[in-house]
Amino acid sequence: MTAPFSRRTALQAAGATALAAGLSGGLTATAAHADDAESRPKLVAYPRPSAVPTNTSFQVRVRTAPDGDWQTLDVYRPQFEEINPATGSGKVYNSSMVYFDFRCSVEVEVTYLKGGTTKARVRPDSYGITPELLGDTLRFTLDEPKDLVVQINDEIFDCLHVITNRVEHRPPAADDPDVIYFGPGVQTVTGGVLTVPSGKTVYLAGGAVLKATVYFKDVEKAALKGHGMIWASPGGGVLCEGSRNIRVEDVIIMNPGGYITTLGEAQNVHIRKVRGFSSRGNGDGIDIFSSSDVVLDGCFLRNSDDCVAIYAHRWDYYGDTRNITVQNCSLWADVAHPVNIGTHGNTDAPETIENLVIRNIDILDHREPQMNYQGCIALNPGDSNLIRNVRIEDVRIEDFRWGQVIYMKVMYNTKYNTSVGRGIDGVYVKNLSYTGTHANPSLFLGYDTDHAITNVTFENLVINGVVIADSMKKPSWYFTTDEIQWFSNEHVTNLKFLTTAEAEAAAAS
């Protein structure tokens, strides 16, 4: 491996490309690194290396609002997969992505070069961005960094992903001995794997494109940071095994050969504002195995398999999984689940997946033809796993193509499992909303009396604007689930649907 540990190698990696080419108003990289916040540029864009594929559906410009000079952004080409339900084969589609940094209000202008624009939508819907549409060009303003999808005429794949960051205040220096520095341009390492020592930070500067898996193996206090990209790595984007006190922040991971990020037997890992795009079979987003004290915060994941998966034992990873938080994320699953929990475990030494928090999440899409793998949020314990103490709060599910809003099943899936899951106990779902018409009935399926689903409460469940509660008006012989065409079997006990007022009254009594 030829990782750039020396100052000389780091400076060579930076290349002759001046960062100033992407800075607003002729400011230089020196100004971008200045301590004085006011001297930093307000808007920073980065050139796309010519070796990295582009897409030609969009022209995108950005300027400081209200009347700065327009900068044209380079367009990258993420790819996504769609499964044919009749054959099981997958078709890969090209899409578009741009990214930039800013520290002010900016105006974004998007032109759909294929023409024929009749409507435009900026997602997630919860951001409330209504673009101004002028023929095939639309404009909107951002006051703070957000990650967005711009859809023209409801196109699923031929759309634009807009990724934004704050302008960096004090990025690390290329000659910092504790930094493995990659500057702008396409960068490689021998063997396609960059193994990170304890105490080191891998830094991808804006405009850097690293073709390698970043590997944390049995290390402590190490990190991957920066506004650059991991692209087309032969394996996954990030692999973290047996390590602790690890941080991964801000990077974009596009079209890897495996998962966006894998955690196995890891502890105290913070993944912040990672953006992941994938299209290959089993192209998961962030998968967590037998790990604890993990936070996923502010991530944008569009994947051709589960966006976030939380498991116990698989492969060479063993042990319980606990204290996992997924928050402030936007998730789009072209295949399988936005969130999947529980499939893999250890029949010989049963494990527990517990103390999970999923909050402030926008689910933009979910498409899965197979009933066994549906659910925007799925709790599916197999392999003698027990799932317990789960809190799901403030989740907004936009209309999706194919699947279920939520799915809980104590399962014995012989494709993956060698035993039935032990059960699901203690799930509290607050302020979950779904707006749309494509959802199949959500299912709650205990396996038998000894492998059941118990103590599940929904507070302020809103389906197409209607609050669903046991106290709602309905025929006396109806179950509450009948009102929304959901189903729970006889091995589900203490399933409740409450209004917020009812939940608060119960808590006060």
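Q: Why does Glu-109 count as buried?
A: Glu-109 has a relative accessible area of 5%. Buried means under 20%, exposed means over 50%, and partly exposed lies in between (1.4 Å probe, protein chains only). Since 5% is under 20%, Glu-109 is buried. This is a predicted model, where local features need pLDDT of at least 70, side-chain atom pairs count only at pLDDT 80 or more, and totals for chains, interfaces and linings use all residues. Residues are numbered from 1 along each chain as its sequence is written, and side-chain values use heavy atoms, with hydrogens and water left out.

Q: What makes the meeting of Glu-109 and Arg-61 a salt bridge?
A: A salt bridge needs a side-chain nitrogen of Lys or Arg within 4 Å of a carboxyl oxygen of Asp or Glu. Here the N to O distance is 2.8 Å, so the pair of Glu-109 and Arg-61 fits. Glu-109 sits in strand E7 and Arg-61 in strand E2, so the bridge ties together parts 48 residues apart in sequence. A strand is a DSSP run of E with at least two residues, numbered from the N terminus.

Q: Why is Arg-61 described as partly exposed or buried?
A: Arg-61 has a relative accessible area of 22%. That value falls between 20% and 50%, so Arg-61 is partly exposed.

Q: How do you know that strands E7 and E10 pair?
A: DSSP must find at least two bridges between two strands. E7 (residues 106-112) and E10 (residues 137-142) are joined by 6 bridges, so the two strands pair. They run antiparallel, and Val-108 stands opposite Phe-140 in E10. Both strands belong to an open sheet of 5 strands, in the order E3-E2-E7-E10-E9.

Q: What makes E3 and E9 the edge strands?
A: Each of E3 (71-72) and E9 (132-134) pairs on one side only.

Q: Why is the link between Ser-57 and Asp-158 called a polar contact?
A: The term stands for a pair of N or O atoms within 3.5 Å; within protein, one must be able to donate a hydrogen and the other to accept it, and residues adjacent in sequence count only if both atoms are side-chain atoms. The two side chains come to 2.6 Å, so the distance is within the cut-off. Ser-57 lies in the loop between strands E1 (43-45) and E2 (58-64). At 4% relative accessibility, Ser-57 counts as buried.

Q: What makes the link between Glu-459 and Lys-430 a salt bridge?
A: The closest N and O atoms are 3.9 Å apart, which is within 4 Å, so the pair counts. Glu-459 is in strand E39 (residues 453-459) and Lys-430 in strand E36 (residues 423-434), so parts 29 residues apart in sequence are tied together. Glu-459 is buried at 5%, while Lys-430, at 21%, is partly exposed.

Q: How do you know that strand E16 is mostly covered?
A: In E16 (residues 208-217), 8 of the 10 residues are buried. E16 also pairs in the parallel sense with strand E14 (residues 185-195) over 7 bridges and with strand E19 (residues 238-241) over 4 bridges. A further 2 bridges join E16 to strand E18 (residues 229-231), so this pair reaches the required number.
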